[in-house]
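This report describes a two-chain structure, from its overall dimensions to single residues. Please keep the sequence and the model at hand while reading.

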Amino acid sequence: MRKFLLTIVATTIVCSVWAQPAYRDMRKNRQCAAGNYMAYPEQKKYHYTAPPKGTHPFYISHYGRQGSRYHSKIRNYDYPWTVMHKADSLGKLTPLGREIFSQIGQMRQEAAHRWGEMSPLGVWQQRQIARRMMEHHPEVFQGEVHIDAKSTIISRCILSMETEVLQLLSMNPGLTVSHDASFCYMDYLNHDNNKRPGKKMPEAAQQALNEYLAQHPIDDAYLARLFNDPEYVGQAIKKDEFSDLLFKLACSQQNTLLRDSMPLLRIYSQKELYNYWQRGNAWWYLSHGGSPLNQGAPPYIQHVLLRTMIAEADSCIALEKPGVQLRFGHDHVMMELLSLLGANGYGLYTDDLSTLEQRGWISYKAIPMAANVQLIFYRHDRHDSDVYVKLLLNEQEATLPLPAKKAPYYRWSDFRQYYLEKIETYLKRQK
Amino acid sequence: MKRPLLLILLMLGVLTLGAQTVKECIAADRYFTASNYRVYPSPDESTLTPAPAGKKAFYISHYGRHGSRYLSSKKGYTIPYKILHDADSLGRLTTLGKQVLQQLSIIIADSHERWGDLSALGKQQHRDIARRMMQRFPEVFEGNAHIQARSTTVNRCMLSMGSALQQMMSINPRLDIDMNASLSDMWYMNHQDKQLRDSMMTKKAKAAYKRFSEDTVHNNRLLSLLFTDTTGIHQHDNDAWLNYYLIKAELIQQNTDMHKQVSLSNLFTDDDLYLFWKRENGWWYIMYGPSLLNGGHQPYTQRHLLRKMIQDADSCMRMERPGAQLRYGHETIVLPLTCLLGINGFDYQTENLDEVESHHWWASQVFPMAANLQFVFYRSGIDDPDVVFKVLLNEQEATLPLPTDMAPYYHWRDFKQYYLKKLDEYAKLRNE
């Protein structure tokens, strides 16, 4: 009987964990809770499926996010620091609270006058990504190959671009490089930034988000771990703002020089972390994914980017040695692009926010710092009209909603037809 | 006998160079007049003095301006465009006037969404400068030499830095490069001094500049080329603005491929360009030079940069192989820094703007696109107590207002003593 009961309990746990892959991830690695603030998770080994027989990679088309960075706003640092500074001066911090306060002070100092800038870890990430790109696809980079690199006009993106390019040059100094960052590329590298729904959600989406957040309220229990006087907390601290900014700081720590010290994420219980992440994930989905609640619109913002990538690939395929096209931009662009592509199920279309996680719509797997999409093109030779493409999401093979004899390799002709039609259909409907 | 003759010939050569006038420079290259839009004049690569006996180059400290760029602000084109367009709608343009209007619209389209961007030529300039730096001072860049590169947070500066570093990496892929562009470095890379900025154009300076320039701003010959009827064109000084902006529009095209397609060159005589240059030179002298019209302290905007360069050099000298420190910024830094250092006599001070030109204070020589200062340091070994260096202004050996027994080389200890004292005196004045 006991055994039977145990089995039931175990099965229940397994089932619920199975339905909660993010919860499981966070138990292994708290950093996942950071969502888009997660530092790029490097794999120890990258496993790739053998390409169709006789083909080899000849061209890479890439879009990447900047490496680990600091928060863009001073307030992200100053507000939590000020609250804790005041509490400390009144003796209202617990020993843990004092330790956290000291860490926040150091983070604030490190980020001073570097708001929004790439951190040293970010530079390291970009170097490794470029190094592996070349190591994993040496054929693309052999000889006097051309690297075409473009960036949005944001300095952390420009530095990401320059870092990757320098890494590639250090491995093959014969590469020729063109590099640029200009407003004139913004139309596809960061299309319609000011008009995007994330800045102002449709009413239905906002309402659904509000309901979801109400069902997943922030648990104030963590406050008692930091402050020793509940009455003081009640009077002196605006809980919503403090909770939000403290959690964001805790998430961001993994991107800084303090990433190896006592993690701020330890303030929270597993359940609390998971809850924060769920709230953020729902926001990301409604802002940048395609849902009936936002008319499925956000992913299509990236139709200009995807069309550009397709057109450029078409003209590169005509070349003997097309080399590599690198593009550097931002997390929301990548999220929308992945949703538009439907890569790894990110094309999920639902109004049920409670199913996002179990259906694999998980922010940190898509858009950690330095996130990147690489389309790797394969063929026999230049005269081969049967070109294959595979998509690497953060350097790991991803699936696309396309027919394939040998996934993750897809026919380029299928790829372009499917997405060009998809975009066309959407744009027609808009008219 | 041969030697003295050679010497005399050499001296004559130097003298004629020194005696060159701005008008002669213009006759040789009319785009000398472009002032801060001037395209970087690539140096003669063979004219460096050999290293002092027993010493080797071991460290370079650099500050450079971004390379050739597009016009930064649309209004430089739209103001003349509007003046011509208005006249055209009233049927008052000549055929040439209509052509100029059309050319302006082509130029505007070319610059669309590219305002202030580094051009292809700008990238090439930085590649070339980096290549020459490595070729001329190979000892500094050997093996896994360390290169520290910093840029202001402005795109064109970051891309200039990237261009130079890419070139260096392709020559020596083992270089250990540390690159950044951060707000946290702006206190020395692009220091903004409110007190000095607010005192650039004093009443006295304004009056002097007005007197200096007012006879040169109008161009009736240009008006007769462009307009069949000049009614109303003098309103709001529109004729002067048209002259000013059309010259600038012509000059800046040299920095992009646009000059291959359009040219406003035939609108202007060398004399028109000379007058433009003269006004600009006077303006830069007041705003960023050591002019006495506003107290003579403007170059001290770069005091933090100079102090930082001295400190950096001092700490680098303690290293076996310090490599190079590269810094990328703006002409509004390079010019006052050159004046603060008194390089090539650019610390010349006067109240009389008419004297500026005749004393060879020609900003065009300091701050073309991709302008740069390189301090190249030499020693016999890490324990050498007598570190010497030379300054290259736009890759040409330059002089400092310091005594030396080995020009163009100077003793680092003399340099430090002289400039730290100078900086300390100003700090006292500012209570810093």
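## Strand S5 of chain B and its neighbours

In chain B, S5(B) and strand S6 (residues 388-393) run antiparallel and are joined by six bridges; strands here are DSSP runs of type E with at least two residues, helices are DSSP runs of type H or I with at least four, and both are numbered from the N terminus. Two strands are taken to pair if DSSP finds at least two bridges between them. The model is predicted, and local features need pLDDT of at least 70, side-chain atom pairs count only at pLDDT 80 or more, and totals for chains, interfaces and linings use all residues. Residues are numbered from 1 along each chain as its sequence is written, while chains are lettered from A and ligands numbered from 1 in the order in which they are written.

Within the pairing of S5(B) with S6(B), B:Gln374 stands opposite B:Leu392. S5(B) also pairs with strand S1 (residues 56-65) of chain B, in the antiparallel sense and over eight bridges. There, B:Ser61 has B:Phe375 as its bridge partner.

Strand S5 (residues 372-379) of chain B is mostly covered, with eight of its eight residues buried. A residue is called buried if 20 or more other C-beta atoms lie within 10 Å of its own, exposed if 12 or fewer do, and partly exposed in between, with C-beta atoms placed from the backbone. Both faces of S5(B) are covered: B:Asn372, B:Gln374, B:Val376 and B:Tyr378 are buried on one side, and B:Leu373, B:Phe375, B:Phe377 and B:Arg379 on the other.

## Strand S4 of chain A

Strand S4 (residues 323-329) of chain A is likewise mostly covered, and seven of its seven residues are buried. The pairings of S4(A) are parallel, as the table sets out for S1(A) and S2(A).

| Strand paired with S4(A) | Bridges and sense | Bridge partners |
|---|---|---|
| S1(A), residues 56-65 | five bridges, parallel | A:Gly64 with A:Phe328 |
| S2(A), residues 146-151 | five bridges, parallel | A:Lys150 with A:Arg327 |

## Chain A as a whole

Chain A has 17 helices and eight strands. Its C-alpha trace spans about 75 × 55 × 50 Å along the principal axes. The radius of gyration of chain A is 23 Å, which agrees with the value near 22 Å for a compact globule of 431 residues; the radius is taken over C-alpha atoms, and the globule rule is 2.2 Å times the number of residues to the power 0.38. Of the 431 residues of chain A, 45% count as buried.

Two residues are in contact if their C-beta atoms, placed from the backbone, lie within 7 Å. Among contacts in chain A between residues at least 6 apart in sequence, 80% join residues at least 24 apart.

An automatic or database domain assignment supplies the domain bounds. Chain A is divided into domain 1 (51-68 + 119-201 + 295-431) and domain 2 (70-116 + 203-276 + 283-289). The C-alpha centres of these two domains of chain A lie 33 Å apart. Contact between them involves 21 residues of domain 1 and 17 residues of domain 2. On the domain 1 side, helix H5 (120-136) and helix H15 (331-341) of chain A each supply at least two residues, and H15(A) gives the most, with four residues.

## The contact between the chains

The contact takes 21 residues from chain A and 20 residues from chain B. On the chain A side, helix H7 (155-171) and strand S3 (176-181) are the elements that give two or more residues. H7(A) provides the largest share, eight residues. The chain A side divides into 12 nonpolar, five polar and four charged residues; Ala, Val, Leu, Ile, Met, Phe, Trp, Tyr, Cys and Pro count as nonpolar, Asp, Glu, Lys and Arg as charged, and the others, Gly among them, as polar.

## Core and a buried proline

A nonpolar core is a set of buried Ala, Val, Leu, Ile, Met, Phe, Trp, Tyr and Cys residues joined through C-beta atoms within 7 Å. Of the 234 residues in the largest such core, A:Met334, A:Leu337, A:Phe377 and B:Phe389 touch the most other members. Helix H12 (residues 270-288) of chain B gives the most to this core, with 10 residues. Leaving aside residues up to four places away in sequence, A:Met334 touches A:Tyr63, A:Arg65, A:Ala366, A:Ile367, A:Ala371 and A:Val373.

B:Pro322 lies in the loop between helix H13 (303-316) and strand S4 (323-329) of chain B. B:Pro322 counts as buried because it has 22 C-beta neighbours inside 10 Å. Residues up to four places away in sequence aside, B:Pro322 touches B:Phe58, B:Tyr59 and B:Cys316.
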